[in-house]
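Here are my comments on the model you sent round, set out point by point. Please read them with the coordinates open.

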Amino acid sequence: MVRESTLMWIQYITGLGILVLGALHFASLTFLVQGGYPNALSYANVVYDRYEDPLWAAALEAFLALLSYHVFNGFRVLLLELNQGSGWTKAVNVTMALAAIAAFLYGTRTILVFHLGGAI
Amino acid sequence: MSAPASSGSKFPRNMRGVLGGWARVSHANFERWLYLMHRLTGLVVGLYLIAHLAETSDIVPAYLSGDENIWNNLMQSLYTPEAHAGLLIIAAFAVYHGLNGVRLFLAASGVGVGRPIRPEWPYAPVSLRSFQRSLGWLFIAVTLILTAYAFYELFVVTHFV
């Protein structure tokens, strides 16, 4: 069983990673794209310039992995404050872990479909 | 020996302060407001992540069917002042949560909370008079500046030019 203090350190470390990759994500939607935000979300810009570029895809995948942990561990902390008891704690821990894995896999499908020729 | 307040458990349940705990701000200091905002912004941005994953997954059917309009039409429908007002709130909340998280990380590491001193009147905690409090104000200022930039991109460039 992982100690709560370890989980919170991971929360901080993932948070720092999200800060860096989140800044890159905002930049890629604004001043890094030609024409700024109004052009940033066209199919061509999203698919050809970002999803199909291995470096951008890797950055997005890392961003998604960090967010999946950070968000659902954050929800877990909030939910554990709402009630007490080992049954509730176990249910929240398992549900949030499964939700994090589901969110990660669902987002991964969106990012990687372009590299697997539509195989997933 | 008296029986526990709640039968069946070893210890009496103590729910005082659990529900509404974060929202109790009648005597809140600056750090308590930062904490409340950290919770609120984290919750909202976390829920937005789920919606964002669902929204961006629309690019998969566009790619598989070769019909770019599936994606472009969705984006067009979201290029509205209402949707952009929502994104502006998300941007502000995300920036605040990230920067305040850095302050919390530093404080948890013992940075910016001052050195321990002998407790002397008026017993004001050193940690509440130290660098971390200045950092709180600095990060609020940076949040406002970056929110102004987000407003420029989401409204001035997109709707007014």
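The points below deal with the cores, the helices, one buried polar residue, the cavities and a pocket.

1. A caution comes before the rest: this is a predicted model, and the remarks that follow should be read as descriptions of that prediction.

2. The largest nonpolar core has 40 residues, and the members that touch the most others are A:L41, A:Y51, A:F72, B:I59 and B:W71. The element that gives the most to this core is helix α4 (residues 54–82) of chain A, which supplies nine residues. Apart from this there is a second, separate core of five residues, among them B:V95, B:L99, B:V102 and B:F139. As general background, nonpolar side chains in soluble globular proteins tend to be buried together.

3. Which residues does B:I59 touch, leaving aside those up to four places away in sequence? In chain A they are A:Y43, A:V46, A:V47, A:Y51, A:T110 and A:F114, and in chain B the contact is with B:W71.

4. Helix α5 (residues 86–112) of chain A has 27 residues, which at 1.5 Å a residue should span 39 Å, and the end C-alpha atoms are 38 Å apart, so the two values agree. The buried residues of α5(A) are A:V92, A:N93, A:M96, A:A100, A:A103, A:G107, A:T108, A:T110 and A:I111. These buried residues pack against α3 (43–51) and α4 of chain A, and also against α1 (30–56) and α2 (59–65) of chain B.

5. The helix α5 of chain A also holds A:K90, which counts as exposed because its relative accessible area is 59%, where over 50% is required. Between A:K90 and A:L80, which are ten residues apart in sequence, the C-alpha to C-alpha distance is 9.7 Å.

6. In chain B, helix α4 (residues 81–108) comprises 28 residues and reaches 40 Å from its first C-alpha to its last, close to the 40 Å expected at 1.5 Å a residue. B:G110 follows α4(B) and has a positive phi, near 85 degrees.

7. Is A:N73, a residue of helix α4 of chain A, buried or exposed? A:N73 is buried, because its relative accessible area of 6% falls under the 20% cut-off. The side chain of A:N73 makes a polar contact of 2.9 Å with the side chain of A:Q11. Not counting residues up to four places away in sequence, A:N73 touches A:L7, A:M8 and A:Q11.

8. The structure holds two cavities of 30 Å³ or more, and about 70 Å³ of space lies in the largest cavity. The lining of this largest cavity is formed by A:L21, A:L24, A:H25, A:S28, A:R50, A:W56, A:A59, A:L60 and A:F63. Two elements of chain A, α1 (4–29) and α4, give two or more residues to that lining.

9. The second largest pocket contains about 350 Å³ of space. It is lined by 15 residues, of which A:L7, A:N73, A:R76, A:N93 and A:A97 are the closest to its centre. The elements that give two or more residues to the lining of this pocket are α1, α4 and α5 of chain A, and the largest share, six residues, comes from α5(A). Two of the residues closest to the pocket centre, A:N73 and A:N93, have already appeared above, A:N73 as a buried residue and A:N93 among the buried residues of α5(A).

Conventions: Residues numbered from 1 in each chain as written. Chains lettered and ligands numbered in written order. Predicted model: local features only at pLDDT ≥ 70, side-chain atom pairs only at ≥ 80, totals over all residues. Heavy atoms only, no water. Core = buried A, V, L, I, M, F, W, Y, C linked by side-chain atoms within 4.5 Å. Buried < 20%, exposed > 50% of the residue type's maximum accessible area, 1.4 Å probe, protein only. Helix = DSSP H or I, 4+ residues; strand = E, 2+ residues; numbered from the N terminus. Contact = heavy atoms within 4.5 Å. Expected span 1.5 Å × (residues − 1). Polar contact = N/O pair within 3.5 Å; in protein donor to acceptor, adjacent residues only side chain to side chain. 1 Å grid on protein atoms, 1.4 Å probe; cavity = no way out; pocket = protein on both sides within 12 Å on 5 of 7 lines; lining within 4 Å. Points joined across faces, edges and corners; volume = space filled by probe spheres on them.
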